[in-house]
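Here is a note for a colleague who is meeting this structure for the first time. The points below are meant to be read with the model open alongside.

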Amino acid sequence: MDFGVIGGYCLTKQYQKNRTMEKSEGVSFSEIAAAKMTQKAEGANFEELLKSKYPKAYYNVMDTSKIDDGLWGRNDYPWDAYFLEPADKSVLEWTPSGAEPSMQDSKVQSKINSMAGQMSIVIPPELEEKMQSNPELAQQVLERVDYFIATHYRMEANQGFLITFDKNGEINHACVVSEGKVTVSSSEFVEEQKARKAKQAEYERLAEKSAFKRRQVEQLSNVANTQKVYQIYMEDDMIYSGGNGTGLSFYIKYAKESTKDDPIVLAKGVDENGNEFEQTIHINQINPKCATIVEMRALEAHIGVSKRGGFTSLPLETGHMGLHDRADFMSMLQKQISDMLLLGQKQTALYYQYSIQEYWKFIKINNKYS
């Protein structure tokens with residue numbers, strides 16, 4: 001592919017070089033990369049953010065919301081028209097002139113070949129305007145681009161990607177070409193997400209409670225520089241029971257005064273020093289960009305973030321957090337994703353990408369990102 005590095009999958013040689021740099025300079029490459037991305041994000045518009053990550057991507061500001069899914073899915077739809085900068089906006093008014101050709105039609109194959117190895121992103125004017133005053137929304141849209149590509153990426157194929165967004169920053173149309181074939185529509189992408197969530201829910205359902213907690217203890221006990229093991233509480237109506245490697249141990253259950261509009265939980269346990277504590281937490285007041293580990297466990301349980309075979313949806317750094325420590329979990333998750341991609345851990349990166357999207361939805365609903 002010649003539109004830039006896709007999600008870190010082609011970084012093996014670069015990663016080896018970076019590891020050498022780490023040993024000689026004493027600073028990790030992931031820290032340097034994160035700092036550079038932060039510098040770029042400040043004052044940068046979405047197009048600049050996109051092209052800092054995908055230098056050869058095409059970028060167009062056009063409203064594709066009125067394009068019918070049936071037209072978009074035809075083999076003769078001119079997807080290749082979006083691989084220009086600027087694209088001719090007459091493509092938005094395209095209508096077929098005859099019967100739909102087969103996938104093997106020479107014109108269809110020529111169009112697919114012209115898109116191979118390239119990438120195009122289309123943003124409506126209303127969304128671009130929103131992102132100009134809201135860099136966090138711009139970052140969220142970029143993460144959706146990353147996630148779509150990571151989900152559909154195939155190492156052996158010379159793929160091309162076309163992704164269009166609606167005014168709310170959601171994917172409304174998509175097109176992936178590879179090996180003389182084309183996969184279109186965002187509905188298929190949505191169905192893949194639903195299937196993935198169902199599979200994750202099945203993992204959790206099949207996991208016995210004791211086995212689930214044993215995996216948690218094993219995972220957290222392996223976190224570097226942690227020596228304590230948390231206690232396991234067995235109270236009725238718990239929605240969470242656990243802790244981390246500092247010895248912080250607690251359980252969470254809904255409070256009697258909890259309502260649908262104002263969900264409230266009660267957290268009880270002992271902190272990292274062995275002192276008992278009790279907290280009342282209003283779920284809707286939790287800010288994942290500045291939260292405690294107890295608050296995030298409550299949020300995780302309340303919104304139902306699926307755990308892959310018991311794998312935590314939160315970054316492994318939480319294994320070092322005390323009761324009152326606060327952190328930007330969204331930034332930590334993004335760093336976790338970047339690190340996993342650099343290490344070639346595609347499936348783990350996809351799981352954390354799913355997790356961060358679930359927390360972004362909560363942030364958006366509660367207006368904590370504006």
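Which residue in S5 is the bridge partner of serine 178?

1. The residue in question is lysine 181, which sits in S5 and is bridged to serine 178. Please keep in mind throughout that this is a predicted model. The pair belongs to a longer stretch of pairing, in which strand S4, residues 171-178, and S5 run in the antiparallel sense and are joined over four bridges.

2. The sheet that contains this pair is an open one, built from five strands in the order S1-S2-S3-S4-S5, and its pairing is mixed. At its edges stand S1 and strand S5 (181-184), and because each of them has a single partner strand, one side of each is left without a neighbour in the sheet. From one strand to the next, the twist averages 10°. Helix H5 packs on this sheet, where it touches strand S3 (160-165), S4 and S5, and the direction of H5 makes about 100° with that of S4.

3. A second sheet deserves its own inspection: it is open, has four strands in the order S6-S7-S8-S9, and is paired in the antiparallel sense. Here the edges are taken by strand S6 (238-243) and strand S9 (276-282), each of which has a single partner strand, so that one side of each is left without a neighbour in the sheet. Neighbouring strands of this sheet are turned against each other by 15° on average, with direction ignored. Helix H10, residues 293-303, packs on the sheet and touches S6, S7, S8 and S9, while its direction makes about 45° with that of S7.

4. Within this second sheet, tyrosine 251 is a useful residue from which to follow the pairing. On one side, serine 241 stands opposite tyrosine 251 in S7, as part of the antiparallel pairing of S6 and S7, which extends over five bridges. Tyrosine 251 also stands opposite lysine 268 in S8, and the strands concerned, S7 (residues 249-254) and S8 (residues 264-270), pair in the antiparallel sense over six bridges. Another residue to check is lysine 253, whose bridge partner in S8 is leucine 266.

5. Which residue takes a positive phi in the hairpin of S6 and S7? It is glycine 247, with a phi near 100°, in a hairpin that has five residues between the strands.

6. Turning to helix packing, helix H3 (residues 46-53) and helix H7 (residues 135-152) pack at an angle of about 35°, their axes being 10 Å apart, and the crossing of H3 and H7 is right-handed. From H3 the contact draws on Phe46, Leu49, Leu50 and Lys53, and from H7 on Ala138, Val141, Leu142 and Asp146. By class, the residues of the contact of H3 with H7 divide into six nonpolar, no polar and two charged.

7. Two loop residues should be looked at individually. The peptide bond that leads from glutamate 85 to proline 86 is cis, with omega near 5°, and proline 86 lies in the loop between helix H4 (69-72) and helix H5 (106-115). Aspartate 68, for its part, lies in the loop between strand S1 (58-61) and H4, and it counts as partly exposed because its relative accessibility is 45%. Although aspartate 68 and histidine 173 are 105 residues apart along the chain, their C-alpha atoms are separated by 9.7 Å.

8. How many disulfides does the structure hold? The number is zero. Two of the cysteines can be described by their surroundings: cysteine 175 is buried, with a relative accessible area of 1%, whereas cysteine 290 is partly exposed, with a relative accessible area of 40%.

9. As an overall description, the secondary structure of the chain comes to twelve helices and nine strands. The chain has 370 residues, of which 48% count as buried. Among the contacts in the chain with a separation of 6 or more, 61% are accounted for by residues 24 or more positions apart.

Conventions. Residues numbered from 1 in each chain as written. Predicted model: local features only at pLDDT ≥ 70, side-chain atom pairs only at ≥ 80, totals over all residues. Heavy atoms only, no water. Pairing = 2+ DSSP bridges. Axes fitted to C-alpha atoms, helices over the stretch in contact; angles between N-to-C directions. Contact = heavy atoms within 4.5 Å. Disulfide = S-S within 2.5 Å. Buried < 20%, exposed > 50% of the residue type's maximum accessible area, 1.4 Å probe, protein only. Left-handed = near helix turned anticlockwise from the far one by under 90°. Nonpolar A, V, L, I, M, F, W, Y, C, P; charged D, E, K, R; others polar.
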